[in-house]
Amino acid sequence: MIDLEIKKQPRLGLKRVIQLTVNGIKYRFFRSLVTMVVITVAIAFLMNSGVESLIKREVNQYSSEQIANERLAIFWLAKLKNAGTVDSHIEELSQLDKQSDKFKEFMAFAQVKDTIEIHQEIIKAANYLNFFNSMNYGNRRRLVQQATQSRIFDYLQPPEKQESFFATLSEIRSVSLPKEEEGIDPEESFKGFLGSWPSLKASIQKAILAKEQAILNLSQQHKDAELLELLLNNQGFLQDIRNAGFMISDADYQTVVEQSTDIANCRILEKSISGLKMKQRLASQFDQHPKDITTRFLWDEVFQSNDDVEWYITVAEEEQVLSKGQYTAETVVELAESKERFASLSESLKESRIKNSKNSFLGLGERMGWLLLVSLVVCGVGIANAMLMTVTERFREIATLKCLGALDSFIMTIFVLEAALLGTIGGIFGVILGLIIGVGRMNVALGNVVWTAMQPKELIIASLIAVVAGIVLAVLAAIYPALKASRLAPMEAMRIE
Amino acid sequence: MSKELENKDLTNDKRVIIRTVNLKKEYAKKDVVTRALVGVDVEIYAKEFISIMGPSGSGKSTFFNMIGGLDSPSSGRVFIDEVDVAQLSAPELAFLRCRKIGYIFQSYNLIQYQTALENVTTPMAFAGVPTDDARKRGMELLDLVGLKERWFHRPIEMSGGQQQRVAIARSMANNPQILLCDEPTANLDHHTGQDILDILERVNAEKGVTIICATHDYRMMDMCDRLIWIRDGGVDRIASRDEVNIQLSNIEGEDA
Ligand SMILES: Nc1ncnc2c1ncn2[C@@H]1O[C@H](COP(=O)(O)OP(=O)(O)O)[C@@H](O)[C@H]1O
Ligand SMILES: [Mg+2]
């Protein structure tokens, strides 16, 4: 009863495959551990770069918003004193939405109607300014000589200057004009912009003149009274500002008034130590040289604890530099705290600034984008190497399994499954590690603002991407050697060693 | 024994189970070409016990790999039960290796991370046997080779002889019709080697499995039906056991 009818081999159940794979990993535990550690480290590196870039970007955005908010009073104080320049207008207006109050205010001062067109022109101007500013000094000198900022556009008005500009530009390989519109030659769009520059400049200058007039009217109306005083004490001032043509919302005005109070209070407190008497008393109390008693010392050392502030207030009232009951210890400490918060926000902003963050990879900055790319490659090579080793050292086992009737697809499956498993575990550990190191490092570098600015949603997405990257890289790295091994005849596989 | 006679009735049913036609194998490594087989034509009958003898390097293992479907010949053909092995697809080859042929190697080739029982049941899993049935049959097979008590041991915890016995149990997992052995006793001492030979003889006699055994072991002469001598990659001589025994006694007689 010999029966040698040959059929196709059935496929193995998934449960059995997983069981075999896990058994294999367990047996070669050390080897698998090493592979996993490689994946962990690679993913941790990737995750770390990603997390740091993300946090930097978030902190940058958060602190610049916060600072803009905290400086609303200062902004308005400056605005009501100084009408600004053409350059400052271009910079400020290019950041604004064309529906915003500030932009509408500008339109009113400039007396222009076509919002869309002027908005586009301003953004173009800002981009071209950015282009000239990011150029190195030598190149700029060759292109536009001594001209800077918007004077570059003035300099380029005569046709012969334009001609030599474009001729020189084509010689400099490392520099090319930004592309403004799809399908339009960058050179043509720049020429077009230069053509419309005089009218744009005229509009901006018209707005500046109108503003100067408005400021002058305001100050004459209030007989040259100090702005801060007016903000704090004159109920009708809001209406006066609006009548002059400035646009400010009620909420913003409220904030400006509050912040002005703080500014005024700070001034009074700082003024209180201008006399020699106060300086001496502070010096003896805090064991310092009178020369070292500065406003900075006041904020950083004295106004830190309630006890010290109470002592200070008593002394100041004795010396009659502060009127009685004008300040409580709480208000002063609060003021010091908000000053400190502002300082740390500025510090965070400075530290988190990313160069060239516009139009580069994920807005993460060119250098960071590069680093990510490099770490991705390092990661891939590391995992590929580890997986290659794992597969090659198992050629004998593969050959044996094939002698026992394993299908090629089964051999593929166990390796891909093993890679996916190691990739998942290594990926998860790597993400945790990268997250901890990244957040920790950023916390040290940027301060506690990291915790408020951080957006969990973005970090979770980044984590998921990193884990998937780990799995995909591990599987990709395992596919080639596994495919090669599974296609071989058993004895050929056994021979490779 | 009536059962033995019934199973090993070679005279009545001389059915060819393996046939090779002008089988050649060359190994090319850079410029050096090794001609491992130079044209082998043999016919092996069902239920036979064949010994393949020859000096080391004569091509025994190469022949073994060719007829087992483990490697492809440079030219020539291998027919297993009149099926041309070269015509089989990869899944069909897997099926053949899984159920029709059992392999026993000189170096055992057990899966290191599996227990004795798991090693024996792996081919059954490939054949689609349910786990419980596989375990039951695995234990029976381990019992057959005398290792029932050691089913949970891993290869590193066992001696060479024990490992080879597990390998035999494994090779029998799916009731193959052919058992291919490549020097199964070469790594074992005299006594342990005898155990292995006894098991093989029993398997051949009781289950009627065709056994083809490449070997150096002269004890094999006593139990095989036919001997194939291989020399320099070709068949030197084929002889039945009776002829060999006569020769042997002649030599002994002359010596005496
Ligand atoms: N993979 C290989 N590459 C090159 N030559 C080989 C290879 N395998 C075997 N050979 C050569 O083929 C011949 C036969 O080898 P083999 O079949 O292993 O002999 P045996 O098993 O009888 O000792 C030997 O000369 C050996 O060197
Ligand atoms: Mg050999």
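Let me start with what covers helix H4 of chain B in this predicted model. Around the buried residues of H4(B), the cover includes helices H1 (14-27), H19 (395-403) and H20 (408-446) of chain A, together with H3 (90-100), H5 (131-144) and H6 (160-171) of chain B. Helices here are DSSP runs of H or I with at least four residues, strands are E runs of at least two, and both are numbered from the N terminus. Contact means heavy atoms within 4.5 Å.

H4(B) spans residues 116-126, and ten of its eleven residues are buried, so the helix is largely enclosed by the rest of the structure. Buried means under 20% relative accessible area, exposed over 50%, partly exposed in between, with a 1.4 Å probe and protein chains only. Among the buried ones are B:Leu117, B:Val120, B:Met124 and B:Phe126. Just after the helix, B:Gly128 takes a positive phi of about 90°.

Now confidence. Chain B has a mean pLDDT (the predictor's confidence in each residue, from 0 to 100) of 87, and 91% of its residues reach 70 or more. Among the elements of chain B, helix H1 (residues 2-7) has the lowest mean, 43, and strand S6 (residues 101-104) the highest, 94. Over residues 1-7 of chain B the pLDDT is below 50, and beyond near neighbours in sequence this stretch has six contacts in the model. For the complex, the predictor gives an ipTM of 0.89 and a pTM of 0.68.

Chain A has 23 helices and zero strands. Of its 497 residues, 44% count as buried.

On conventions, residues are numbered from 1 along each chain as its sequence is written, and chains are lettered from A in the order in which they are written.

How values were computed. This is a predicted model: local features need pLDDT of at least 70, side-chain atom pairs count only at pLDDT 80 or more; totals for chains, interfaces and linings use all residues. Side-chain values use heavy atoms; hydrogens and water are left out.
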